[in-house]
Amino acid sequence: MAMRPPVPVPTLSRRAKSVIGVVAVLLVLFSVIGTLTNIYVDYLWFGETGYTTVFWTEVQTRALLFAVAGVATGGLTALAVYLAYRFRPTFRPMSLEQQNLERYRQSLEPRRKVVLTALAVVLGLFAGITAQGSWQTWLTFRNATDFGRTDPQFGKDISFFVFDYPFYRLALGFAFAIVLLSLIGSVLTHYVFGGLRLQTPGQKLTSAARVQLSVLLGLFVALKAVGYWLDRYGTVYSSRGNVFTGASYTDVNALLPAKNILVFVAIICAIAFFANIIFRNTLLPASALVVLLLSSLVISVAYPAIVQQFVVRPSADEKESAYIERAIASTRDGYGLSGVEYINYGGDGGTGQKTGTDAGSADATATPTTADLASDAETIANARLLDPNVLQPTFLARQQIRNVYGFPEKLDIDRYTIDGTTQDYVVAARELDSAALSGNQTNWINEHTVYTHGNGFVAAPANQVVSGEAGGEPNFTTGDLPTKGNIKVTQPRIYYGELITDYSVVGAPEGANTREFDQPESGSDGQVNNTYTGKGGVSVGSFFRQLTFAIYYRERNFLLSGAVNDNSKVLYVRDPRDRVEKAAPYLQVDGDPYPAVVDGRITWIVDAYTTSDAYPYSALNSLGEATTDSLTGTGTSALPNDQVNYVRNSVKATVDAGDGTVTLYAVDSEQPDPVLRTYEKAFPGTIKPESAISDELRSHFRYPEDLFKLQRDVLTQYHVNNPRDFYNANDFWQVPSDPTEKTTDSQPPYYVLSQRVGEGNATFQLTSALNALNRENLSAYLSVSSDPGTYGQLQVLQLPGNTQFRGPTQVFQSFNTQSEVRQQLTLFNSASSQAVFGNLLTLPIGTSGLLYVEPLYVAGTGENAFPLLQKVLVNYGDRVGYADTFSQALDQVFGPGAGDAAADRGNGGTATPAPAAPTTAPPGGSAAPPSPPAGGGTDTAARDQAVAAINAALTALADAQRNGDFAAIGQAQADLQRAIQAYQAANGQAGSAAPSAAPASPTG
C-alpha cells in the first residue's frame, strides 16, 4: 500500500504578511494614541482645576509601583529560569522519559531567548498592573501620621495597623508570588532540560537543581516565618462567631502563643533547606517540611479549636467580656461615636447602662395637653410639611420655565437666615437637563454650543404651602427667571450640575454674537443669550487642542465647526460629585451634593470622607449596604460596597456652579484626623485649612446623610456598654423600614429645624427613629446637629423598655386605619388621582412625648401630574389628628388653640404668597364651597352637589393632564380641593376639616 504524500502546510504570501503587519501596527498605533489622548485630556482637566499635584503624584506613584513590581516579578522569575537552563546537565542518561522530552528541548532551544523575554514581560505586566492599583497603600505607608493612641494588646500606635501593616502584607504577598513563580519556573526548566528526572533510574536531581530548589524552598519557608509574625498583628481584625471584632480570648491565649512558636519552627525549617546545599541530603528538608506542616495544623488549628470549644464556649459571655469591651470602645472610636450624648427620655425605666440627663418620665398613653407643646414652640412652628423627595414634579410644573431645564429627582433641604429669622427651605438649582433635549435641540450645535447651562435658584419654606386657588403648592419665595426673591442670587448661571451629563463648547470672539441660550426674554417669545466668561474650562483655541478633543470625543466638529474658535473652552466632568472625586481620588464622596447660595453665587457643597478598613478592633461594615435606604438611587448616588471600619467627614468640598472651581476644606480642627493628615503630606497644598471657610459658607454645612446612616447602623449594637448584654444581643436596636414607600428598605433620616431636649432654640438637625430589635416599637431617637456652634454633636434619646412607644410603621398603620382617613384615601385613589404620603417625621415634644407628622399629597395620574398638599396627619400617643392644616390637626390632638404656635409662624399649613414669590397660580376659580349646615348635621343636597363637583373636577383634571395644560391642571386640582371641603362640610365635618379662615403669612 503506497504512502500518501504529506499534506503541504499552507503559507501566507509576502503581500498578505505585509497587510497583516500593517493592520497590526495600525491597531497598536490607534490604541497608543487613544490612551495618550485620554491621559492628556485628564492632565488638561487637572491643570484647569489647579490639582496637577494630584495628577502627577498619582501617575508617578503608579508608575513606580508598576516598575518595581514588574521588574522584580518578571526579572527575578526570568533569572531563576535562566539559571536553571544555564546549569542544565551537559549529558543526560538515556531513558524513555528523556527521549520524550528531547522534542521539547529541540523546539525551545532556538527560541529560548524569545521565550524567556516573553515570560519576563508577561509576568512583569501582570504584576505591575496589580501593584499599581495599590498606590494609596504605598502613599499612606510613606507619609504615615501617628494617631497618638496605642492598641491594648501589642502597645503599638494605631498608625501601624492603619498604614504600615497593609503595606507589609502587600510586600509579603508579592514576595511569596515571586518565590513561587521562580520555583515553578525552575522546576519546569530543570525537568525539561534533564536536571530533574522523575522517571529515570538513578539520581533524581543534579547538584545544580538541588541547590537552586533548596534555596527557593528555603526562601519560601523564611517568608512563611515572616507571615506568621505578621499574623500575630492580624488577630486585631479577627471575628470569631461574628459577635465582635478583634483579638478574642482564644486568639490571645491560644493563637498568639501558637504563632510565636510557628515563627521559630519556620526559621528552623528554612535553615534546614539552606543546609541541604551543603549536606546534600533530601531527608533533612523533607523532615523539616513535615514538622512545619504538622506544627501548623496542631498548634495553630487544633489547639485553638480545643480552647474555643471546651474553655470559651461554656462561659463565652464571661471569657470574652474584656475583649468585647475593647471592640466596643474601638468601634465607637472608628466611627466617631465616642462622644455620643445619651439621655433617658420618657421615663426612668431605661437600661441603666448610659450616663446622661434624665429628661423626666411619662406614660406613653397619657392624655396629651396643650402644655406638652409649650416648651417646644420652635419645633411646632418649624415642623416640615414639604417633602423634598415628593415635590420634584411640582417644582417642574411651576418653576421649570423651559423644557431644557430640570430639577434633580430628589430636592434638598437647607436653611437660610432672612431678617434675623432662620427658616429651613426646600431648595433646588434650575439646571440644564441634558436628557430633556429633544428634536432639533439634540443636533451638535444646539446640544453642545447653545444649550450649555442652567439658570436660577428656587426655594420654598419647608413649613408652608400656598392658600387660595393654588392651594397645596409650595410657597416659592425665591424663583422665576431672572431669579428674584428673598434669597439674593447675583450669579445664577449653572454650568456645572447633577443633570448636566455632556460636554459644552463655550466662548466667542469679542464682538461676536452671543450663542448660548440663557433665559426666555421677558414679555415676548424671544430669548436672551449669553457668552461664558468664567475661569473654568479647557481652552481649545489651538489646532492641536481641537484635534485632541476631536479624537477624545470622536467628533469632527471640533475641527470643522465655526462655533469652535480661538476663545473657545470645553467644559467637561461637570457633575459636582465627579469633580470632587477626580480632584481628591483618595476620598470617598457622599452621594447627595446640594446647592447653596453663598455670597450671591450658587455653590455645590459636597461632603467627603476619609476611610480605612484597617482600624484595629473596629467592626467592619459595608459602606454601600449600611447607607442604602428607601430613597437611595432616587436623586442620590449609591456608595460602593467597600468594607470600612474607620470613617471621618474631615473634608467639605465646594464646586462653583458658574465656573466649576473645586475647593477642598479640612474640617477636623476639633478632632484631628490622622488619615487626612497623611494624605495632606502626600498631596501638599491641595486642601485648605478650616480657617479659610467663610461664616456664610459654614452656615450651610449639613451633617452628611451617608455618614449618619452608617453611624446609626453601628449604634444599633454599639450603644450597649455592658459586654455580657452585648454578647447576648440584649437591648439591640434596628433601623425601621420606611412605611411610606411600602418597602423593607430602611427609613431615610430627615433634616428638621427643631429644638433638642433641654434647649430653647431650634437647631438644624438630621434625625432618625430606631426600633427595638425585630420589633416595631420605638426604642430610641437619634439626632445630630448641623449648626456651626454644635456641629456634629450626636444625641440619643433612649425610651424606657417597660413602656411601648409606637414606631413609624405602627403610626403609619394607625393613620391608615382611622375612619376619616380611610374614606378619603378611597376618594383620592381614583382613576385620575392618587394619594402620595410624604415623609413621616418623628419630633420629640416636651419632656417625654413623641409627635409624628406626615403630609398627605394628592396628584393626578397623567404624565404631567404633580402632587399638592391636601392634608396633614399628626399622631401623639394614641391620638390621631387629620385636617387640612397642621394647626388644625394639632387642635384635634391637643385641644383648641394648640395649633396657634404653628399658625403664628406660617406653619398652619397655608401661607399667602409673598410679593416676590414667583408662584404662578392659575387665573379664575370656582365658587367657594357651601357653608356647613347649622348644628353640624348632614345636608343631603349640599353633599350631592359636592359629589357632582368632585366628579367634574376629576374629569377636568384628567383632560388637562392629557393636554399638558399646567394652568388647567392647577385649576382642576384647586376645584377638587374645594369640592372635597364642601363634601366634608355637608357631612358635618367642618369643625375638623375646614380650612382655616385666616391663613398666616410666610416667614420672611
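Nine cavities of 30 Å³ or more turn up when the whole structure is searched. This is a predicted model, and here is a friendly tour of its enclosed spaces, its open pockets and its charge pairs. The largest cavity holds about 230 Å³, while the largest pocket offers about 920 Å³. The same structure contains 24 salt bridges.

**The largest cavity**

- With a volume of about 230 Å³, the largest cavity is lined by 29 residues, and those closest to its centre are Lys410, Asp592, Thr636, Glu705 and Pro749.
- Strand 3 (412-418), helix 22 and strand 24 (750-755) are the elements that each give two or more residues to this lining.
- Helix 22 makes the top contribution to the largest cavity, with three residues.
- Sorted by class, the lining of the largest cavity has 10 nonpolar, nine polar and 10 charged residues.

**The second largest cavity**

- The second largest cavity encloses about 60 Å³.
- Its lining consists of Ser833, Val858, Ala859, Gly860, Leu868, Gln870, Leu957, Gln973, Leu976, Gln977 and Ile980.
- Two or more of these residues come from each of strand 31 (849-860), strand 32 (868-876) and helix 29 (966-986).
- Helix 29 gives the most to the second largest cavity, with four residues.
- There are no charged residues in this lining, which divides into six nonpolar and five polar ones.

**The largest pocket**

- About 920 Å³ of space lies in the largest pocket, and 36 residues line it, with Val667, Glu670, Gln671, Tyr791 and Gly792 nearest its centre.
- Strand 21 (646-656) and helix 22 (705-718) are the elements that supply two or more residues to this lining.
- Strand 21 has the largest share in the largest pocket, namely six residues.
- The lining of the largest pocket splits into 14 nonpolar, 13 polar and nine charged residues.
- If you are tracking helix 22, note that this helix gives two or more residues to the lining of the largest pocket and also gives the most to the lining of the largest cavity.

**The second largest pocket**

- The second largest pocket has about 520 Å³ of space, and among its 23 lining residues the closest to the centre are Gln136, Thr611, Ser612, Asp613 and Tyr679.
- Helix 5 (135-142), helix 6 (158-192), strand 18 (601-612), strand 20 (643-644) and helix 20 (674-682) each give two or more residues to this lining.
- Helix 5 provides the most to the second largest pocket, with four residues.
- Its lining comprises 12 nonpolar, nine polar and two charged residues.

**Salt bridges across the chain**

- Among the 24 salt bridges, one pairs Glu48 with Arg579, and their closest N and O atoms are 3.5 Å apart.
- That pair connects distant parts of the chain, since Glu48 sits in helix 1 (residues 14-49) and Arg579 in helix 18 (residues 576-583), 531 residues apart.
- Both Glu48 and Arg579 are buried.
- Glu473 forms a salt bridge with Arg398, with 2.7 Å between the closest N and O atoms.
- This pair also links distant parts of the chain: Glu473 lies in the loop between strand 7 (457-461) and strand 8 (478-479), and Arg398 in helix 14 (residues 392-399), 75 residues apart.
- Glu473 is buried at a relative accessible area of 1%, and Arg398 also counts as buried at 6% relative accessibility.

**Arg601 and Asp656**

- Arg601 and Asp656 form a salt bridge whose closest N and O atoms are 2.7 Å apart.
- Because Arg601 lies in strand 18 and Asp656 in strand 21, the pair ties together parts that are 55 residues apart in sequence.
- Is Asp656 buried or exposed? Asp656 is buried, with a relative accessible area of 11%.
- Its partner Arg601 has 29% relative accessibility and so counts as partly exposed.

**A shared network**

- Lys410, Asp412, Asp592, Arg702 and Glu705 are joined into one network by salt bridges that share partners.
- Three members of this network, Lys410, Asp592 and Glu705, are also among the residues closest to the centre of the largest cavity.

Conventions
Residues numbered from 1 in each chain as written. Predicted model: local features only at pLDDT ≥ 70, side-chain atom pairs only at ≥ 80, totals over all residues. Heavy atoms only, no water. 1 Å grid on protein atoms, 1.4 Å probe; cavity = no way out; pocket = protein on both sides within 12 Å on 5 of 7 lines; lining within 4 Å. Points joined across faces, edges and corners; volume = space filled by probe spheres on them. Nonpolar A, V, L, I, M, F, W, Y, C, P; charged D, E, K, R; others polar. Salt bridge = Lys/Arg side-chain N within 4 Å of Asp/Glu carboxyl O. Buried < 20%, exposed > 50% of the residue type's maximum accessible area, 1.4 Å probe, protein only.
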